[in-house]
Amino acid sequence: MLLVSALLVVAVLGVTLGVTSFQAHRAAEASIRHALSNARRVVTDYLAARTRTLATVSAVSAEVSEFRERLLTSREREDVLDQAAEYRDLIGAAWVLVTDREGLLLARTDYPEEYDVDVSRGALVADALAGKQTSGAFIDDRDTAAVKLYLAVAVPLAARGAAPQGVLVAAYALDDSLATTIKRVTNTDVVFFALRGDSVSRPIVVGGTLPAADIAVVLSDGLRVDSLGADTAGIHMSARVHDRDVIGLAAPIYSAGGDVFGGFLTLRSREEELGAFRVVRRTMLFAIAGMVLLALAAAAVVARRRRPFTSSS
């Protein structure tokens, strides 16, 4: 009878553990999705704040006549390039680009050998030539083995109220360093990816806090890039990364013309979210096992005491 009662208690505890496990997983899923949404807002706000800072500094600099003259009227191209490089270092940009009033390239610090190239076709430079400050994603895919994604700001090189004499473009990279900085704030893994025009269905990892090779497979298999720009809440996805179950939330990054040039993915681990529950579950399993052993031992003692006494005649 004691054994039956003990086994009944064990069964009840087992059912309770199962229900608790189900509820814990549901709670963990909800917690992760909430954390991912918060992380997405943090990333969006961080990028917007950094872009605004770059735009403000560039706009103020572009209105300084001495600065414009050194960029636009120098006879030696090397002088223009040196001035652009000095400005890049001053504001902490990845690169700086300068054009004349026709949109012809005067200097670009990341490709110093280039000049007199027409770069006015893109919305980034075209809008600035029309007198409008603009910003957006910029892809550098010249090296197909090392595609890079930037957020760039373009401002007219003009006195206040005057027609633009050229354009100043400054950009910062969406790379490993930026992802690591954001992770320190959000405690969430972050991955940046680019979408090239000839491979829209294959996102290209350009930076992040997780190995690019692993995340590239996850993005290719689980991300619906065709609906990335249409889903304002972001796109949820699940994957297995380094023997961990992770949940991700993807959001787009737009060009100055409003096209989706890439995006970012925030990721959290189910295992980490369920860590506290697993400690409790392990404790409960040990307790159930202990109860079973105790019940068996008690049943054995009772059975031995009830054994009839016999004596030899």
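Contact here means heavy atoms within 4.5 Å. Keep that cut-off at hand for the exercises below, which use a predicted model.

**Exercise 1. Place Thr51 and list what Thr51 touches beyond residues up to four places away in sequence.**

Solution. Start with the secondary structure: Thr51 sits in helix 1. Next, check the accessibility. The relative accessible area of Thr51 is 13%, and buried means under 20%, so Thr51 counts as buried. Finally, apply the contact cut-off: leaving out residues up to four places away in sequence, Thr51 touches Ser135, Leu151, Val153 and Tyr172.

**Exercise 2. Find the largest nonpolar core and say which helix gives the most to this core.**

Solution. The largest nonpolar core holds 39 residues. Leu47, Leu168, Leu174 and Phe192 have the most contacts inside it. Helix 1, residues 2-62, gives the most to this core, with five residues. Now zoom in on Leu174: not counting residues up to four places away in sequence, its contacts include Leu47, Tyr150, Phe192 and Ile253. Another core, of 19 residues, lies apart from the largest one, and Ala239 is among its members. In soluble globular proteins, nonpolar side chains tend to be buried together.

**Exercise 3. Work out which side chains of strand 8 are buried, and how strand 8 pairs with strand 9.**

Solution. Walk along strand 8, residues 235-241, and watch the side chains alternate. Ile235, Met237, Ala239 and Val241 point to one face and are buried. His236, Ser238 and Arg240 point to the other face and are not buried. Then turn to the neighbour: strand 8 pairs with strand 9 (residues 244-254) in the antiparallel sense, over seven bridges. Ala239, for instance, has Val246 as its bridge partner. The two strands form a hairpin with two residues between them, and His242 in the turn has a positive phi of about 50 degrees.

**Exercise 4. Take two of the salt bridges and state what each ties together.**

Solution. A search of the whole structure gives five salt bridges. One of them joins the side chains of Glu63 and Arg160, at 3.1 Å from N to O. Glu63 lies in the loop between helix 1 and helix 2, and Arg160 in the loop between strand 4 and strand 5, so this pair ties together parts 97 residues apart in sequence. Glu63 is partly exposed at 36%, while Arg160 is exposed at 70%.

Another pair is Glu114 with Arg142, whose closest N and O atoms are 2.2 Å apart. These residues lie in two loops, so the pair ties together parts 28 residues apart in sequence. Glu114 is buried at 18%, whereas Arg142 is partly exposed at 47%.

Methods:
Residues numbered from 1 in each chain as written. Predicted model: local features only at pLDDT ≥ 70, side-chain atom pairs only at ≥ 80, totals over all residues. Heavy atoms only, no water. Buried < 20%, exposed > 50% of the residue type's maximum accessible area, 1.4 Å probe, protein only. Helix = DSSP H or I, 4+ residues; strand = E, 2+ residues; numbered from the N terminus. Pairing = 2+ DSSP bridges. Core = buried A, V, L, I, M, F, W, Y, C linked by side-chain atoms within 4.5 Å. Salt bridge = Lys/Arg side-chain N within 4 Å of Asp/Glu carboxyl O.
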